[in-house]
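I wanted a quick tour of this one before lunch, so I opened the notebook. Here is what I looked up, in order.

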Amino acid sequence: MPSLNARPAEQLEEWLIEITEALAKHNQDHPDQPAAPFAINQIVHKSNDRLEHDMALCVKYKVPIIITSLGAREDVNAAAHSYGGVVLHDIINNKFAKKAIEKGADGLIAVAAGAGGHAGVKSPFALIQEIREWFDGPIALSGSIATGDAVLAAQAMGADFAYIGSAFIATDEARAADNYKQAVVDASSDDIVYSNLFTGVHGNYLAPSIRNAGLDPDHLPESDPSKMNFGGDAKKAWKDIWGCGQGISAVKAVVPAAELVARLKREYQAAKQRLAI
Ligand SMILES: Cc1cc2nc3c(=O)[nH]c(=O)nc-3n(C[C@H](O)[C@H](O)[C@H](O)COP(=O)(O)O)c2cc1C
């Protein structure tokens, strides 16, 4: 969960209490099936004036995984390590991957072409292959993964984990607006537009939401990167512009998250059987 989703900043502590208490209760009730570790995403850009506040809360609640993006900082990594947390850093190319590990990240999230939100343009094959030449630590691959078959493919090409975002927008539990969820169900890769207009960093968005805002998705202007603002006071000028990756053709309906996970599991097992592995 991105810490900046909690607005105002004080809401983050309420959510961390809710998450940690719910998971502790689950673990107590189901010792044979403990919950997976959860993660909080931190935008480490200089315009994020909440970073220190949000990281202090992550330290207080011992968030098991910190995901960092748009900047690699040794002090953020050290804060996570102080209580045994693990840092995974979002990267879009091999150069940023090397920098992230040099600065102390434990693992990488390779954000390949077609990912929802801020995304790169590299083929996942190229990206994973280049990183695996020098890095044998944990890698999660992201970008258009929305089927169990694709999860297996990510592992086959050298990633340890598949990292899925957009498909989970169309679940009952997601806090997205209903028309956003339905737009994910209705869209295919043809409806995804890559632009830096909305945040100053290139990302993928649903074309219908851009049209609804009165813009032509085929002729978007370039952004002014000096206007990047990920701070607590960031105005949500583009709040109805919806981030989404290219993999969403696999999403046929809004379903409970558990149903989506069960589908991924079924498909993953079927793909393994098909390949006889
Ligand atoms: C609407 C939206 C917002 C996102 N916000 C963040 C974020 O704040 N921090 C982050 O590290 N990744 C963010 N992501 C990226 C996801 O963590 C992930 O890399 C991506 O969704 C994976 O690709 P997929 O959407 O094609 O599955 C966002 C993605 C979407 C769709």
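**Ligand, sheet and core**

I began at the ligand: β1 and β2 (65-69) each give at least two residues to the shell around it. Helices (H or I, at least four residues) and strands (E, at least two) are DSSP runs, numbered from the N terminus.

I noted that this is a predicted model, where local features need pLDDT of at least 70, side-chain atom pairs count only at pLDDT 80 or more, and totals for chains, interfaces and linings use all residues. Residues are numbered from 1 along each chain as its sequence is written.

Next I looked up the whole shell: 23 residues surround the ligand, and the closest are G116, G117, G165, G243 and G245. A residue is near the ligand if its C-beta atom, placed from the backbone, lies within 6 Å of it.

Then I turned to the sheet, which is open, has six strands in the order β1-β2-β3-β4-β6-β7 and pairs in parallel. Its edge strands are β1 (39-43) and β7 (161-163), each pairing on one side only. Strands pair if DSSP finds at least two bridges between them.

I checked one edge more carefully. Three bridges join β6 (residues 139-142) to β7 in parallel, and S142 has Y163 as its bridge partner in β7.

Last, I followed L141. Leaving aside neighbours within four places in sequence, L141 is in contact with A110, A112, P124, I128, A154, A159, A162 and Y163; contact takes C-beta atoms, placed from the backbone, within 7 Å.

Note on methods: Contact = placed C-beta atoms within 7 Å.
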